[in-house]
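Me: I would like a close look at one helix of this protein and at what surrounds it. Please take it slowly, and then set it beside the rest of the fold.

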Amino acid sequence: MLLGEQEQFLSYNGEVLIFHLSKTKHVEGAADKTMNLCVRRMAFDRDTKLFVQKSSGVFSMRGSHLKIEIICCSCTTDSRTGIILPCILMKKKKRNNVIKYLLLLLHSSNQFEQSFNFKLDYELKEDIRLFTGPSLLWRHANKLFYVSSNICTVLSAPVQLSSVVWTGEIGDEGTVVLGIRTAHLPESEDEDGFFTSDRTIWGSEFFGYAIKTQKLLTGTCFMPHAYSRVVSSVYVCKNEMLKKQLRISLVAVTHKNQLIWFQDGLPKGVCELPYEKPCSVKTAVTSSNDLLFIVSFASGNTCVVQRRDSLQVASKWQKVKSVLVDDFIGTGSEQLLLLFKDDCNTDVLSTFKITDLGVVNYASGINYKHDIPAAEGLQENGLLTVKALETRLQAGFTSVRELQQHLGLKKKVILESCRALIDLVEERTHILPTAKEVKWKRAIRSLLISEGLVSLWDDVENPPRSLSKETSLASRVPECFTEKLWQRVVHDSLIVGVKLTESFHLSLSDVSLSLVMDQDFSLISPIIECRNKIIKLNKAFSALAVSSCQIEPPPKKIKLDLHSKNDLKKEFPERCSRIQLDGAKTVLAVTSLSPLLAFHRVCCIVLLHAKKQKRRNDSLQDSKKITVLCGKIFLTLEDISNGKYSVKMLRDNGYCTGSMEDILAVLAVSVRFSFQIVSSDCTLTPVNSWLLGEMECTPFKECHDNLFCHKPGNAYGTVFNWTLRNPFEGVLTLFCRSLTVVFQCLHSLTRVLPPSCDVKLLRSGSKGILTEQLALALEKEILTSRSLFFSKESKAESSLTWGNEPGKKIGGAPVTSLLDSEEGVQQFRKKFQNEREESVLSMNQTMNGALYQGAALKIAEAQLSSDMIVWRLS
């Protein structure tokens with residue numbers, strides 16, 4: 001190999017590293033016995049659209065250029081610090097056919113560090129791979145050898161293999177080698193017959209070997225053994241352990257010029273490649289979240305395969321010297337850097353192309369200097385146009401979906417009306433749809449009301465017999481407030497949720513749910529004790545706003561019971577009547593599950609309570625309570641045992657696939673805690689690694705900012721929200737079951753944070769908003785007290801007891817005429833006595849008990865609201 005060809009290219013943190021060998025300048029007449037390994041750091045300049053050198057470094061070695069070579073280079077993790085560093089493998093020939101190999105690490109200061117060295121009596125030629133440690137493995141004489149920085153001794157794996165197609169990290173197994181070997185048929189009959197026959201036919205099989213644990217992994221979780229004769233290279237895109245089973249997604253290139261996508265060991269897609277002899281494949285994720293597969297060929301050609309609906313060749317290039325993947329232009333996503341062969345120019349970065357097959361497209365040989373603003377403006381406008389078109393397309397899909405649902409609903413209305421009309425003509429009783437279609441019936445009623453139509457069938461649901469008289473006489477509401485009724489079981493709690501429609505404009509602070517058993521129990525109350533929560537989700541699902549049950553301040557006691565003894569006791573959420581909430585709102589009722597299971601089979605009626613308020617004179621509000629029948633829920637011990645209503649939080653493609661009802665159920669039984677984390681001398685990047693790594697969290701598909709903890713133990717089911725205000729400050733919010741989980745999570749977090757970090761518990765709400773709410777609460781308290789005082793005066797006057805004949809004067813008849821007879825004297829004496837009693841009563845006025853109780857309740861509610869805000873501000 002010529003000295004000028006001793007060049008290797010590597011991408012690292014958006015830079016291009018060029019390694020090459022050069023002779024040391026020596027004094028004339030002296031022997032040349034020193035070689036330099038040089039590195040140049042090249043960065044892309046967006047102004048000139050060229051690569052410029054940022055820095056350089058040198059590592060000197062004894063020996064001539066005929067005896068020293070660069071074997072390969074890669075970015076590997078240094079096990080001492082956990083930092084990814086460039087790693088270079090060097091070869092140095094010695095006497096007696098002894099070859100010395102050196103593994104070097106390059107630090108950010110351009111200083112080289114020798115990690116380890118070893119000697120062999122043969123050259124490394126087959127399947128050389130660098131991996132974490134740094135470590136090195138290779139294949140020789142159908143055997144696998146490896147050496148690492150921890151143990152600087154060459155070790156041999158107890159396996160025979162014909163080729164290595166992939167090396168990487170898999171879960172708890174550590175570094176795994178995926179290889180191909182001659183089929184080893186099992187001696188016992190316990191093996192799957194399909195896999196046994198597959199290996200027998202093809203004579204070869206895939207297998208995985210974990211270097212750390214020194215155990216073999218089943219090759220069929222990667223690919224079927226039938227592909228072992230044609231696969232040349234593999235790239236594992238994703239791997240995870242789910243229910244003690246390894247789940248793997250990968251792509252493979254074959255000698256048949258194909259690229260095949262495998263999911264959990266089964267082929268899911270195939271693409272014909274445009275060139276022959278593919279030798280390697282790697283991936284890139286672009287700014288539009290497209291996954292690209294870059295395939296390199298032995299002829300120096302390259303193509304890119306895009307995976308959307310199917311695998312398709314998106315672009316191809318010829319005479320490519322090297323392909324690198326990194327964020328070269330600093331946009332936060334990956335791009336491809338293609339270095340082309342140019343015999344006319346010695347500078348390797350003189351002919352290149354940077355692209356992501358989308359908005360990013362830079363190429364050498366184009367003069368950008370005179371048109372830099374126009375080029376940047378064109379690229380920026382193109383990006384904005386694409387985003388706008390994507391938004392319009394998504395809105396169009398949503399409109400089409402809503403229109404299809406609306407047309408389907410109209411079709412059902414017409415069919416049900418036809419059936420009702422036929423039954424009416426033939427004098428038959430029309431049978432309503434089953435209970436499974438309760439949601440459909442409500443939607444039909446809403447549609448009929450919006451269209452100004454009248455139903456041909458009786459769709460009024462009769463109130464249950466076990467409801468109280470007040471409930472049965474509650475005013476019917478023409479609006480349809482409820483959209484969906486659902487139930488979930490979390491541990492020992494039953495959660496019943498009612499999703500409110502967007503037309504619900506009443507105050508959320510006066511909304512609650514009641515659960516009433518639809519059975520006749522003479523010894524127990526039919527009303528189930530539960531607590532209420534209101535959860536609001538934004539339409540964009542960007543965050544979860546939970547109005548949960550607030551903890552009462554320790555010195556504060558509940559001033560008055562807001563309900564009578566026969567009413568349902570509820571814990572009301574935080575008062576938020578002045579806040580206009582957008583998006584979907586859900587009211588939840590949480591109750592204990594164990595008492596209900598004692599009846600084996602329970603049917604509960606769900607009632608929604610709300611309050612309408614009307615303005616009157618002198619800023620008084622007249623409240624009108626309404627009750628809406630939401631439907632029924634059925635609960636059986638068989639359903640609970642079968643997990644019918646259990647929360648299902650599974651992991652799929654890096655996301656938590658729980659439904660929106662599952663997410664709300666987990667939040668309903670959780671308590672919210674927020675912590676402010678401030679670091680003075682380092683960034684808070686370990687927090688995100690801690691969440692995704694040690695805590696085994698995955699983001700919800702509907703709301704990516706919230707993470708669900710899959711770690712076994714007490715922390716399982718905890719929901720995290722990590723908001724980074726700046727690189728040195730963030731807020732960590734936990735939704736967990738108990739304080740014990742909070743302490744365990746904080747203990748685990750403090751072990752990965754630097755000692756200088758400050759962790760502070762935050763009260764809910766910012767200081768400015770709470771101050772404004774306190775002023776409004778105090779104003780409301782004063783107005784309530786003043787208005788109620790005057791209203792009590794006026795109502796008290798009307799409720800006074802002045803005697804048997806109030807308002808009648810004694811002077812109704814002449815006094816002289818009354819005194820003429822004995823009967824007149826007695827009548828005069830009686831009227832005089834009544835008037836004297838009325839005068840005494842006028843000096844000591846009394847008030848009706850119900851009127852006084854209502855007034856005291858309103859004053860107590862106003863004072864409780866202001867006291868709660870003062871406690872949160874303290």
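Reply: In this predicted model, the buried residues of helix α8 are covered by elements that include β41 (697–699), β42 (706–709), β43 (719–726), β44 (729–736) and α9 (739–752). The helix itself spans residues 685–692, and V687, W690 and L691 are its buried positions. Viewed down the axis of α8, these buried residues fall within an arc of 95°, so they line one face of the helix. The face turned away from that buried side carries T685 and S689, which are exposed. The helix therefore has one face lined by its buried residues, while exposed residues sit on the face turned away from them.

To place this helix in its wider setting, it helps to turn to the nonpolar cores. The largest core has 29 residues, and within it L494, L513, V606, L608 and L635 touch the most other members. Strands β30 (493–500), β31 (512–517), β35 (584–592), β36 (601–615) and β37 (621–636) each supply at least two residues of this core. If neighbours within four places in sequence are left aside, L635 is in contact with Q487, L494, L593, L596, H600, R601, V602, I640 and Y645. Apart from this largest core lies another one, of 24 residues, whose members include F673, L684, W722 and V742. Of these members, W722 falls within the range of β43 and V742 within that of α9, and both of those elements are among the ones covering the buried residues of α8.

One of the strands that supplies the largest core, β30, also takes part in a hairpin with β29. Strand β29 (residues 482–490) pairs with β30 in the antiparallel sense over 8 bridges, and T482 has L500 of β30 as its bridge partner. There are 2 residues between the two strands of this hairpin, where H491 takes a positive phi near 55°.

As for the protein as a whole, α8 is one of 13 helices, which are accompanied by 45 strands. Buried residues account for 42% of the 874 residues, and V687, W690 and L691 of α8 belong to the buried part. Among contacts between residues at least 6 apart in sequence, 54% join residues at least 24 apart. The accessible surface comes to about 49300 Å², and 53% of it belongs to carbon and sulfur atoms.

Conventions
Residues numbered from 1 in each chain as written. Predicted model: local features only at pLDDT ≥ 70, side-chain atom pairs only at ≥ 80, totals over all residues. Heavy atoms only, no water. Helix = DSSP H or I, 4+ residues; strand = E, 2+ residues; numbered from the N terminus. Buried < 20%, exposed > 50% of the residue type's maximum accessible area, 1.4 Å probe, protein only. Contact = heavy atoms within 4.5 Å. Areas by Shrake-Rupley, 256 points an atom, 1.4 Å probe, with all protein chains shown as cover. Core = buried A, V, L, I, M, F, W, Y, C linked by side-chain atoms within 4.5 Å. Pairing = 2+ DSSP bridges. Arc of directions from axis to C-beta.
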